[in-house]
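Got your viewer open and a cartoon view ready? Let's walk through this structure one selection at a time.

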Amino acid sequence: MTDQPSKKEETAAPALPDKEVELNITTIPTEFYGAGLQMPVEEKKKQEVKVAPVAMPGAPKRSKLPIILVAVFLLIAIGGGFVYFNRSLLFPASVPTPAAVVVETPSVEAPSAPFDVSATSTNSQSVSLRWTDAAANESGFRVERHDGDGNFSSLTSLPPNSTSFLDLSVESGATYTYRIRAINEAGESDASDEASALVKTQIAVVPTRPELPPAGLDTDSDGLSDLEEVLYGTNSKSPDTDADGFLDGNEVFHLYNPAGTAPVKLLDSALVKIITAPVGWVLSIPTSWVITFNAAQGTQATIDTQHGELFTVAIKENPNKKSILEWYLAENPDVTATQVIPFRSKGGYEGIVGTNLLTTYIPWEDNIFVMTYELNEQPFINFRTTYSMMLNSLVLSGMPEIMLPEPGTPLPFEPSATPTTAS
Ligand SMILES: [Ca+2]
Ligand SMILES: [Ca+2]
Ligand SMILES: [Ca+2]
């Protein structure tokens, strides 16, 4: 095809015989005219298909760009569509299949039975079970308990790898027998060996008080032992020596003279003497007793009753001014707060009595005043009311006394202050 037909078309009438030639010419886009003019039509087609990306020398660049873009677009569209519609075939690994799970299922077997089962009871509310897990394929454990009639029943189910259980559904004093089974979807193991425990009784939980020797002989039951009656000049066979309506022991407890016909303070008689330690504590003690300061300033002292029994005084440091209970529990880590007995002196000092029942602790600024009744292996407690009398007379420097309407607290082993009048 040459210029001739096109020129012919422009100039000739529509009645020309070669109509096909005319149609071929009009299908060539005008953009290709430049290249098409320099080569035969056959060669041009070849070039478009095979060497399209190479720039033809002499061919204008803007004439090839649309074809490249169209070809690239078609390639992307066709390729992308192919990948999309065949994604399951092209990427089979990314699709999870249930086949892996199904393969393992048939290999599950019933788990092995636990062993080394033990049952212990350390209090009245529980039994502690322990065992060894012998299975690696259990889905859990079942604890079975003997209910007393010979039949085991299921008590609880536990998660895999459990090796202990605390049974809180027990009664004090009862015996329980246990066995354990491992379980999974294939079934359950044989039962473990059995283990039994006797639940502790409530009584065993209560902290035991120390066994103190009996009180010294008190012939007239007035709260003063016969030996104390000697100390205060009272009648060991008369509960109210001065016949003022108050028992002898009660008068001593409250620092009154039990032998005086009028209300006379012990201090105003010659029956007691005042001890003043340089460190600042003040006590009244029976006149015949002997005190020794074992450390400078009276931070340690011994009071000798002349009858074997002793009283000791010690000043302990409490630099952080802990509460007396806090201080005591820190010094005695085995003791619980409920074992400690509160104490209050007649002077209003509040302290505690230790678990031995014979030591009294009273906080004193950044110190603790400690007074202990040392029985010293004597067979009787002869001076219990006098112990209370001394504590009720206590004055601690820098801590004003607070006189309370109620009397002080009797010491745990000292019942004499309870009656207020002679019967
Ligand atoms: Ca008496
Ligand atoms: Ca008496
Ligand atoms: Ca009296």
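Start by selecting Lys237, which sits in the loop between α9 and α10. Keep in mind that you are looking at a predicted model. Is Lys237 buried or exposed? It counts as exposed, because there are just 11 C-beta neighbours inside 10 Å, and a residue is exposed at 12 or fewer. Now add Thr219 and Asp220 to your selection: Lys237 touches both, leaving out residues up to four places away in sequence. While you're there, pick Asp218 too. Lys237 and Asp218 are 19 residues apart along the chain, and their C-alpha atoms are separated by 8.8 Å.

Next, move along to Leu255, in the loop between α10 and β9 (272–276). Check its backbone: phi is positive, about 70°, although Leu255 is not a glycine. Leu255 counts as buried, because 20 C-beta neighbours lie inside 10 Å.

For another residue with a positive phi, jump to Gln297. Its phi is about 65°, and Gln297 is not a glycine either. You'll find Gln297 in the loop between β11 and β12. With 12 other C-beta atoms within 10 Å, Gln297 is exposed.

You're now beside the strands, so let's colour a sheet. Which order do its strands follow? Trace β11-β12-β13-β17-β16-β15-β14: these 7 strands form an open sheet, and the pairing is antiparallel. Look at β11 (290–293) and β14 (341–344), which stand at the edges. Each has a single partner strand, so one side of each is left without a neighbour in the sheet. On average, neighbouring strands in this sheet are turned by 20° against each other, ignoring direction.

Zoom in on the β14 edge. There, β14 pairs with β15 (residues 350–353) in the antiparallel sense, over 4 bridges. To see the pairing, select Ile341 and its bridge partner in β15, Val353. Then try Arg344, which stands opposite Glu350 in β15. Strands β14 and β15 form a hairpin with 5 residues between them. Select Gly348 in the turn and you'll see a positive phi of about 95°.

Now show helix α11 (residues 324–331). It lies across β15, β16 and β17, and it runs at about 30° to β15.

Time to go inside. Switch on side chains for Trp281, Ile285, Ile362, Phe369, Met390, Leu394 and Leu396: among the 39 residues in the largest nonpolar core, these touch the most other members. Where do the core residues come from? The elements giving two or more residues are α9 (226–232), α10 (248–253), β10 (281–286), β12 (300–304), β13 (310–317), β16 (359–364), β17 (367–374) and α12 (384–393). Pause on Met390: setting aside neighbours within four places in sequence, Met390 is in contact with Leu283, Ser284 and Ile285. There is also a second, separate core of 13 residues, and to find it you can select Trp131, Val143, Tyr178 and Ala197, which are among its members.

Finally, zoom out to the whole chain. It has 12 helices and 18 strands. Of its 423 residues, 26% count as buried. As for contacts between residues at least 6 apart in sequence, 55% join residues at least 24 apart.

Key: Residues numbered from 1 in each chain as written. Chains lettered and ligands numbered in written order. Predicted model: local features only at pLDDT ≥ 70, side-chain atom pairs only at ≥ 80, totals over all residues. Core = buried A, V, L, I, M, F, W, Y, C linked by C-beta atoms within 7 Å. Contact = placed C-beta atoms within 7 Å. Pairing = 2+ DSSP bridges. Axes fitted to C-alpha atoms, helices over the stretch in contact; angles between N-to-C directions.
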